[in-house]
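Visitor: Please take me through one part of this model in close detail. I would like to hear about the aromatic rings and what surrounds them.

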Amino acid sequence: QVQLVESGGGLVQPGGSLRLSCTVSQRLFNINVMGWYRQAPGKERELVATITADGRTNYADSVQGRFTISRDNVRKINLQMNSLKPEDTAVYYCNVDTWSDNYWGQGTQVTVSS
């Protein structure tokens, strides 16, 4: 069974930084895109950033220039989050989309507060 394990969430002050990581439990083939989504209380889940198999990245307007998605290898991606704002507070989910399946992690809480 494929598992996505996120780590790196926590509490940070406005203006601070956090780095999230997502590790896939086994190698997946035919990956289309890997990415991060987030869901704040009372809101729908939204895209944060994605990276394709050939390295193309895409960001939500709200995080452009502050967040950076990267891939260590076919089983691990990261999200470097700088200049964090209170509105970035949410549960962050890792997602992997392949030709045949779509996988989600369990989520990691990010709280930006003074």
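Guide: What follows is a walk through the ring cluster, then the disulfide and the core. Keep in mind that this is a predicted model.

Start with the cluster itself. Ring pairs link Tyr37, Tyr93 and Trp104. The count of aromatic pairs comes to two.

Take Tyr37 and Trp104. Their rings meet edge-to-face, 5.1 Å centre to centre, with 65° between the planes. Planes over 60 degrees apart count as edge-to-face, so that label applies here. Tyr37 belongs to strand 4 and Trp104 to strand 10, residues 102–104, so this pair ties together parts that are 67 residues apart in sequence.

Now turn to the other partner of Trp104. Tyr93 and Trp104 are also edge-to-face, at 6.5 Å centre to centre and 85° between the planes. This pair links distant parts of the chain as well: Tyr93 sits in strand 9, Trp104 in strand 10, eleven residues apart.

How buried or exposed are these two rings' residues? Trp104 is partly exposed, with a relative accessible area of 38%. Tyr93 has a relative accessible area of 13%. Buried means under 20%, so Tyr93 counts as buried.

A charge joins the picture. The charged end of Arg45 sits over the ring of Tyr93, 3.7 Å from the ring centre. The charged end of Arg45 also sits over the ring of Trp104, at 4.6 Å from that centre.

Strand 9 also carries a covalent link. Cys94 lies in strand 9 and pairs with Cys22 in strand 3, 72 residues away. The sulfur atoms of Cys22 and Cys94 are 2.0 Å apart, forming a disulfide. The count of disulfides comes to one. The link is left-handed, with -80° about the S-S bond. Cys22 and Cys94 are both buried.

Next, the core. The largest nonpolar core has 31 residues. Those with the most contacts inside this core are Leu4, Trp36, Val48, Phe67, Leu79, Met81 and Tyr92. Several strands give two or more residues to the core, among them strand 3 (18–24), strand 4 (31–39) and strand 9 (90–98). Strand 5 (46–52), strand 7 (67–73), strand 8 (76–81) and strand 11 (108–112) do so too.

Met81 makes a good last stop. Leaving out residues up to four places away in sequence, Met81 touches Gly16, Ser17, Leu18, Leu20, Arg66, Phe67, Tyr92 and Val110. Phe67 and Tyr92 are themselves among the residues with the most contacts inside the core.

Technical notes. Residues numbered from 1 in each chain as written. Predicted model: local features only at pLDDT ≥ 70, side-chain atom pairs only at ≥ 80, totals over all residues. Heavy atoms only, no water. Core = buried A, V, L, I, M, F, W, Y, C linked by side-chain atoms within 4.5 Å. Buried < 20%, exposed > 50% of the residue type's maximum accessible area, 1.4 Å probe, protein only. Helix = DSSP H or I, 4+ residues; strand = E, 2+ residues; numbered from the N terminus. Contact = heavy atoms within 4.5 Å. Phe/Tyr/Trp six-rings, centres within 6.5 Å; stacked < 30°, edge-to-face > 60°. Lys NZ or Arg CZ within 6 Å of the ring centre and 35° of its normal. Disulfide = S-S within 2.5 Å.
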